[in-house]
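Me: I am new to this structure and should like to learn how its features are read. May we take them one at a time, with the general idea before the case?

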Amino acid sequence: MYKFLGTYNVIPSIPENLEQIRDIAYNLHWTWNQDARELFRRLNMELWEDTNHNPVMMLGKISQERLYEVSHDEGFLAHLDRAYHRLQNYLKENAWYQKNHEVKENFNVVYFSAEFGLTECLQTYSGGLGVLAGDHLKASSDLGIPLIGLGLLYKEGYFQQYLNSDGWQHERYEINDFDNLPMKLVRTKENSPLILSVNLAGREVFFQVWKIEVGRVPLYLLDTNLPSNNEIDRRITETLYGGNVETRIQQEIILGIGGIKTIHALGIRPMVCHMNEGHSAFMALERTRFLIQHEGLTFREAKEVGYCSNIFTTHTPVPAGIDVFSNDLIEKYFGNYYRKELQISDKDFYSLGNIYKNNESNVFNMAHLAMNTAGFINGVSKLHGEVSKKMWVSGYKDVPFNEIPIGYVTNGVHIRSHISHEMEELFRQYIGEKWIDNPASTNLWERIDKIPDEELWRTHERRRERLVAFARRRLNKQIRNRGGSHEELEAASEVLDPSVLTIGFARRFATYKRATLIFQDIDRIANIVNNKEKPVQFIIAGKAHPRDEEGKRFIQEIFQFTKEARFRRKIVFIENYDMNVAHYLVEGCDIWLNNPRRPLEASGTSGMKVIANGGLNFSVLDGWWDEGFDPEVGWKIGNGEEYSDPDYQDEVESRQLYNSLESQIVPLFYSRGEDKLPRKWIAKVKNSMKKLGPFFNTHRMVEEYFDQFYSKSFDKRIALMEGKWEKGKELTQWKENVKSNWNKIKVLSFETNGAPEKQLLVGEEFPIKAEIDLGNLTPGDVEVQIYYGPLEENGNPQNNSTVSMNIDTKKSKNGFYKYVGNVPCSRSGQQGYTIRILPKNSLLIHPFELDVVYWAS
């Protein structure tokens with residue numbers, strides 16, 4: 001077999017007056033700039049589609065004759081000049097961050113994610129987690145926040161799906177040609193590729209770094225496919241979520257430890273680090289190691305500094321969704337690392353992978369590692385924040401449930417990446433250009449009412465027509481690929497009706513998402529879709545994980561239904577769900593259906609994408625829809641119930657689904673006046689846009705991350721850096737002193753001035769005095785509180801409150817302190833009270849980070 005002696009690279013030969021198109025192609029700003037995308041369509045529409053909307057590959061494949069032709073086309077040149085200058089102006093202008101905040105020196109946020117969904121031609125994502133990460137980068141770019149993305153580059157990406165003639169999912173992996181994608185290899189000053197390495201179980205594994213420009217935000221992706229690695233190590237970054245458990249830990253070491261090494265090699269000092277899920281949590285160890293090796297800090301001091309500037313976002317509602325590794329595997333890869341680099345004992349190291357302090361574990365939990373090393377933790381919807389607290393409540397001993405330090409930032413979508421070209425133009429015309437820069441403005445969204453019903457409806461209808469045409473083309477292609485008959489091909493050209501109520505269901509085929517729920521009563525759904533006066537049609541898409549046999553059976557079941565005569569033209573399954581398929585679906589569907597088992601949907605974002613496109617949501621009250629639902633903006637399935645019997649749940653909620661379709665959704669859609677417009681439906685669409693649009697977008701989301709986490713964590717880190725880390729050292733020493741002396745604290749006595757024996761009126765105060773022994777601690781180390789609330793609701797701390805107590809006199813002769821406080825009587829009924837003592841320090845993120853709380857007994 002032959003073997004190449006060497007390699008060389010060929011780049012497109014572009015006429016000089018077209019060179020600007022190369023700059024446009026290599027910045028993904030075109031993914032949310034319709035004018036730039038139109039430029040590439042104008043260059044060669046067919047090639048644009050054939051390359052899966054990849055402008056770099058397109059420029060490499062286009063004929064020199066066509067390039068010569070457009071280089072003399074004044075209209076094309078004017079379009080090119082306009083698109084180029086729009087990009088340059090975008091990159092240079094001040095944005096939200098610069099206009100509204102003090103621009104702080106050295107401020108940056110490094111955002112780690114195992115996947116990034118940026119555009120269809122970049123196979124660096126599998127689903128919602130990746131698309132959210134991509135939208136996070138795009139919104140950060142729009143807002144001008146100095147954020148840096150960090151991930152892995154997969155040679156084969158995520159699998160391509162196809163079904164056999166029985167409807168069983170198979171997977172195909174396609175090789176990504178990085179040199180023909182909108183990314184560039186990072187090079188040193190000497191113009192050689194930047195190559196770094198990590199230690200994996202005693203061997204050195206090398207990786208190179210690729211850079212993608214996402215507007216103002218750089219994204220760096222790490223790639224182990226290098227000749228200097230052995231064949232096994234070259235395949236570490238071959239597939240997303242592929243391989244076995246050892247592949248997974250290797251990928252996460254490259255992502256976390258290699259990621260921090262990359263940032264430093266680029267000359268960037270990482271100030272704030274944000275972990276999008278626990279895959280990258282090893283980065284906290286490397287941040288700690290760097291401070292030990294280069295700043296002379298101890299492990300505890302370095303961990304403290306990292307804790308204040310690490311953020312962890314969890315997307316997982318169940319423990320089974322979290323990466324865990326056996327301690328034996330961790331020892332294989334980290335034994336030398338924690339002994340020699342971190343200089344700590346095995347007990348101290350393994351405790352980092354476990355939030356249950358008094359229970360030893362034989363597994364190392366990546367979410368727990370993130371939680372133990374990040375001072376800021378959040379879920380991705382209000383409901384998911386509560387679910388996360390319930391999942392990890394045992395790790396917060398003596399902390400009332402409502403005070404568990406896990407917050408939430410509800411997800412959003414980058415609207416301009418998901419809105420149709422036609423709808424965006426309509427928004428520009430009636431809402432104005434300011435909507436582009438400020439999609440979180442409620443006032444701007446109120447202008448939706450200015451759009452004439454006729455124009456809004458016709459615009460949405462055109463997108464539905466395009467969706468139907470797209471579905472027919474894809475179905476035709478699927479049948480050809482399966483070797484289908486001529487009759488099947490003919491039937492495919494007649495599926496769906498562009499004037500019929502169209503419901504979309506597209507997502508990962510995890511079993512909890514219940515893709516087959518609509519088929520619970522097969523005769524009833526048949527009657528719904530085949531109603532001659534008011535028909536309904538469904539377009540379904542989604543992938544099951546290669547190892548998820550049950551998810552694959554769901555797909556097969558749906559596929560078999562679509563072949564039945566009564567469903568053949570009414571329900572279709574689109575293979576290989578990706579961002580391109582998603583665009584057509586969210587832009588053209590009338591209803592977006594989502595029916596997961598509550599509370600297993602952490603957030604879900606696909607339904608948010610239909611809002612600006614004129615679609616409506618019909619969903620279980622889970623994830624974001626638990627916050628977003630209002631009868632004026634969509635429909636719900638159930639009332640937020642949770643069931644112990646899944647079969648019973650499916651029976652109940654499928655009936656609710658059918659009832660809503662038959663009695664509410666379908667009649668409203670087909671309720672037309674003389675002008676043939678569904679005025680009441682359009683009113684609901686406008687309400688959905690006005691009420692949901694300003695909130696469920698990534699501009700609002702990233703602004704919340706900035707205000708709640710990014711700015712605060714940066715300020716904390718700067719404070720700890722003061723005096724060559726002296727503040728960090730002081731805080732570490734203070735924490736150790738407080739923890740070692742905490743068990744000496746005791747409430748010796750308390751007085752109430754006889755208040756319990758008499759009736760108190762609402763508006764009065766209930767005085768309490770307490771004598772407290774603080775042991776070796778001082779009043780400056782603690783906060784003494786009265787913790788009180790209604791007795792009949794004692795089990796629900798949400799209804800309890802606290803009031804701080806103040807020192808009554810200086811330390812008495814016997815060494816004790818007297819504290820006084822007054823409880824406001826704001827409600828009638830029996831009230832209970834106790835005394836609580838917490839650590840207190842201005843540098844703490846929250847008072848529970850020392851894992852000590854004193855409750856009087």
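**Reading the features of a predicted model**

Reply: Let us begin with the packing of two helices. The axes of helix α2 (residues 34-43) and helix α6 (residues 74-92) come within 9 Å and cross at roughly 150 degrees. An angle over 145 degrees counts as roughly antiparallel, so α2 is roughly antiparallel to α6. Please bear in mind that the model is predicted.

Me: In which sense does α2 cross α6, left-handed or right-handed?

Reply: The crossing of α2 past α6 is left-handed.

Me: Which residues of α2 and α6 meet?

Reply: On the α2 side they are D35, A36, E38, L39, R42 and L43. Their partners in α6 are G75, F76, H79, L80, R82, A83 and R86.

Me: How many aromatic pairs does the structure hold, and how is one of them to be read?

Reply: There are 44 aromatic pairs in the structure. Planes over 60 degrees apart count as edge-to-face. The ring centres of F334 and Y337 are 5.6 Å apart and the planes stand at 90 degrees, so this pair is edge-to-face. Both residues belong to helix α13 (residues 327-341), where they are three residues apart, about one turn of the helix. F334 and Y337 are both buried.

A second case is F669 with Y670: the centres are 4.9 Å apart and the planes lie at 80 degrees, so this pair too is edge-to-face. Buried means under 20% relative accessible area. F669 has 0% relative accessibility and therefore counts as buried; Y670, with a relative accessible area of 18%, is buried.

Me: Which residues do ring pairs link into a cluster?

Reply: The cluster consists of F282, F334, Y337, Y338, F349, Y350 and F364, linked by ring pairs. F334 and Y337, described above, are among them.

Me: Where does a charge sit over a ring?

Reply: One case is K543, whose charged end sits over the ring of F159, 5.0 Å from the ring's centre. Another is K735, which lies over the face of Y307 at 5.2 Å from the ring centre.

Me: How should the surroundings of a single residue, such as R300, be described?

Reply: One states its element, its exposure and its contacts. R300 lies in helix α12 (residues 299-308). With a relative accessible area of 44%, R300 is partly exposed. Leaving aside residues up to four places away in sequence, R300 touches D348, T732 and E736. By contrast, R300 and K680 are 62 Å apart in space, C-alpha to C-alpha, and 380 residues apart in sequence.

Me: What should be looked for in the backbone itself?

Reply: Most residues other than glycine have a negative phi, and most peptide bonds are trans. Exceptions to either pattern therefore deserve a look. Here a cis peptide bond joins R598 and P599, with omega about 5 degrees. P599 is in the loop between β18 (591-594) and β19 (616-620).

Me: Where is Y241 found, and is that residue buried or exposed?

Reply: Y241 is in the loop between α9 (231-234) and α10 (245-265). Its phi is positive, near 55 degrees. Y241 counts as buried, at 14% relative accessibility.

Me: And what is the place of Q343?

Reply: Q343 is in the loop between α13 and α14 (346-351). Its phi is near 60 degrees, a positive value in a residue other than glycine. Q343 counts as exposed, at 55% relative accessibility.

Notes: Residues are numbered from 1 along each chain as its sequence is written. This is a predicted model: local features need pLDDT of at least 70, side-chain atom pairs count only at pLDDT 80 or more; totals for chains, interfaces and linings use all residues. Side-chain values use heavy atoms; hydrogens and water are left out. Rings of Phe, Tyr and Trp (its six-membered ring) pair if their centres lie within 6.5 Å; planes under 30 degrees apart count as stacked, over 60 as edge-to-face and the rest as tilted. Helices (H or I, at least four residues) and strands (E, at least two) are DSSP runs, numbered from the N terminus. Buried means under 20% relative accessible area, exposed over 50%, partly exposed in between (1.4 Å probe, protein chains only). A charge sits over a ring if NZ of Lys or CZ of Arg is within 6 Å of the ring centre and within 35 degrees of the ring normal. Contact means heavy atoms within 4.5 Å. Axes are lines fitted to C-alpha atoms, for helices over the stretch in contact, and angles run from 0 to 180 degrees between N-to-C directions. Angles under 35 degrees count as roughly parallel, over 145 as roughly antiparallel, 65 to 115 as roughly perpendicular and the rest as oblique. A crossing is left-handed if the near helix is turned anticlockwise from the far one by less than a right angle, and right-handed if clockwise.
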